[in-house]
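Hi,

Here is the model I promised you. Have a look at it first, and then read on for what turned up when I went through it.

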Amino acid sequence: MHRVALITSGGDGAGINSMIEMLARYEGIDLYGFHDGYDGILVNQPIHLTQTHCANHSLDGAHFLRTARSKLPFTKDGRQKIIQSLVEQEFECLIVCGGSGSQIAAKQIHEEGMNTLFIPMTVDNDVIGTDYTIGYDTALNHILNIIANIQNTATNMPGRIFMVEVLGGNVGNLALESALAGGCDLAIIPEYSSNREQIAKKVQAKLREKQSLIITCSESAYDSKDYQAGDQGVSFSIADSIEHLTGIRVRKTVVGFYIRAGHPSNRDAIIASKLGYFTAATIFSKDFGKMIAIKKDAVITVDYKELDFSASTTNQENIDIAKNLNLLNS
């Protein structure tokens with residue numbers, strides 16, 4: 001039997017239950033989970049994640065395991081405490097489900113003596129080495145539902161500017177892809193200038209062509225680059241500049257934590273299930289020190305040593321399309 005520990009770390013992502021439920025099906029894997037991420041390994045008792053425990057909950061928006069952010073794994077002492085606790089409980093490996101910070105921690109813990117595997121899970125889709133992260137598609141669908149309703153209002157009440165601020169961390173994938181899919185007029189993302197005057201002039205030019213505009217804005221679109229995780233409201237200051245130049249009031253919608261959970265989309269559920277399936281195979285082969293990733297719609301394993309943390313995680317194809325459609329502030 002492979003005695004395996006599992007945590008979810010960082011922000012939540014719809015679909016992760018499908019991955020866990022798939023793992024729990026396998027005879028030969030004795031799966032345990034800890035609530036509250038890395039910290040939970042030290043302070044919480046493990047939960048036995050059997051097939052019976054996980055049955056009929058794979059599509060729930062509430063995780064089997066509570067997730068949390070932690071500073072513990074970012075110090076040498078903290079990592080050693082995590083490793084010591086796992087070794088004392090006779091775990092063969094630790095599976096970490098989370099975003100970019102959790103990925104770095106999983107890599108470091110592995111390098112210091114504890115077998116780890118990493119599963120990309122974040123609505124931001126900003127994890128190095130994978131094209132896709134669990135939770136991203138569900139978040140996009142939530143945003144698109146809101147944009148669709150705003151489109152109706154824009155038709156019913158023309159002559160207005162609408163701005164939708166979305167999550168995304170330091171990467172503009174959510175704002176960019178939802179703008180493309182939703183037929184929006186401008187996407188304000190951290191990869192491009194968020195200079196207020198430039199944005200206002202671009203909006204003014206677009207108003208010569210359309211009666212109403214819909215703009216998506218990433219939560220991290222600060223020109224000063226002093227964004228901190230969890231900050232919200234940057235769209236309000238951008239809207240003030242637009243209003244000053246155009247004389248038209250901007251109707252603002254901040255789409256925050258609403259998009260994180262809920263029932264997963266089909267894409268999130270099926271990809272999460274496939275990641276769980278391949279994670280089981282990786283455990284049986286004892287091929288640790290890897291991320292189970294998505295590349296060109298295929299599930300692959302990526303060695304931590306191959307990760308280039310200086311690389312961009314913004315979808316370049318979407319960037320190119322947005323440039324051609326004049327959706328970016330460039």
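F162 stands opposite R251 in strand 9. That pair belongs to strand 6 (residues 161-166) and strand 9, which run parallel to each other over six bridges. Strands count as paired here if DSSP finds at least two bridges between them, and helices (H or I, at least four residues) and strands (E, at least two) are DSSP runs numbered from the N terminus.

Before I go on, the small print: this is a predicted model, so local features need pLDDT of at least 70 and side-chain atom pairs count only at pLDDT 80 or more, while totals for chains, interfaces and linings use all residues. Residues are numbered from 1 along each chain as its sequence is written, and side-chain values use heavy atoms, with hydrogens and water left out.

Back to the sheet. Its four strands come in the order 7-8-6-9, with parallel pairing, and the sheet is open. Strand 7 (186-188) and strand 9 (250-255) are the edges; each has a single partner strand, so one side of each lacks a neighbour in the sheet. From one strand to the next the twist averages 20 degrees.

Two helices to look at on this sheet: helix 7 lies across strand 6, strand 7 and strand 8 (213-218), at about 160 degrees to strand 8. Helix 9 packs on the sheet too, touching strand 6, strand 7, strand 8 and strand 9, and its direction makes about 170 degrees with that of strand 9. Contact means heavy atoms within 4.5 Å; axes are lines fitted to C-alpha atoms (for helices, over the stretch in contact), and angles run from 0 to 180 degrees between N-to-C directions.

Both helices also have a helical partner. Helix 7 (residues 173-181) packs against helix 11 (residues 316-324) at about 55 degrees, with the axes 10 Å apart. That makes helix 7 oblique to helix 11 (under 35 degrees is roughly parallel, over 145 roughly antiparallel, 65 to 115 roughly perpendicular, and the rest oblique). The crossing is left-handed, meaning that the near helix is turned anticlockwise from the far one by less than a right angle; clockwise would be right-handed. On the helix 7 side the contacts come from L176, E177 and L180, which meet N318, I319, I321 and A322 in helix 11.

The axes of helix 8 (residues 196-206) and helix 9 (residues 234-246) come within 9 Å and cross at roughly 55 degrees, and this crossing is right-handed. Residues of helix 8 in the contact include I199, A200 and V203, and those of helix 9 include I238, S241 and L245.

Now for strand 5 (residues 116-120). Five of its five residues are buried, i.e. under 20% relative accessible area (exposed is over 50%, partly exposed in between; 1.4 Å probe, protein chains only). T116, F118 and P120 cover one side and L117 and I119 the other. Strand 5 pairs in the parallel sense with strand 4 (residues 93-98) over five bridges, where V96 has F118 as its bridge partner. It also pairs in the parallel sense with strand 10 (residues 290-295) over two bridges, and there L117 stands opposite K290.

Last, two loop residues. What is phi of N125 near? It is near 50 degrees, a positive value in a residue other than glycine. N125 sits between strand 5 and helix 6 (136-156) and is buried at 9% relative accessible area. D297 has a positive phi as well, near 70 degrees, but D297 is exposed at 64%.

Cheers
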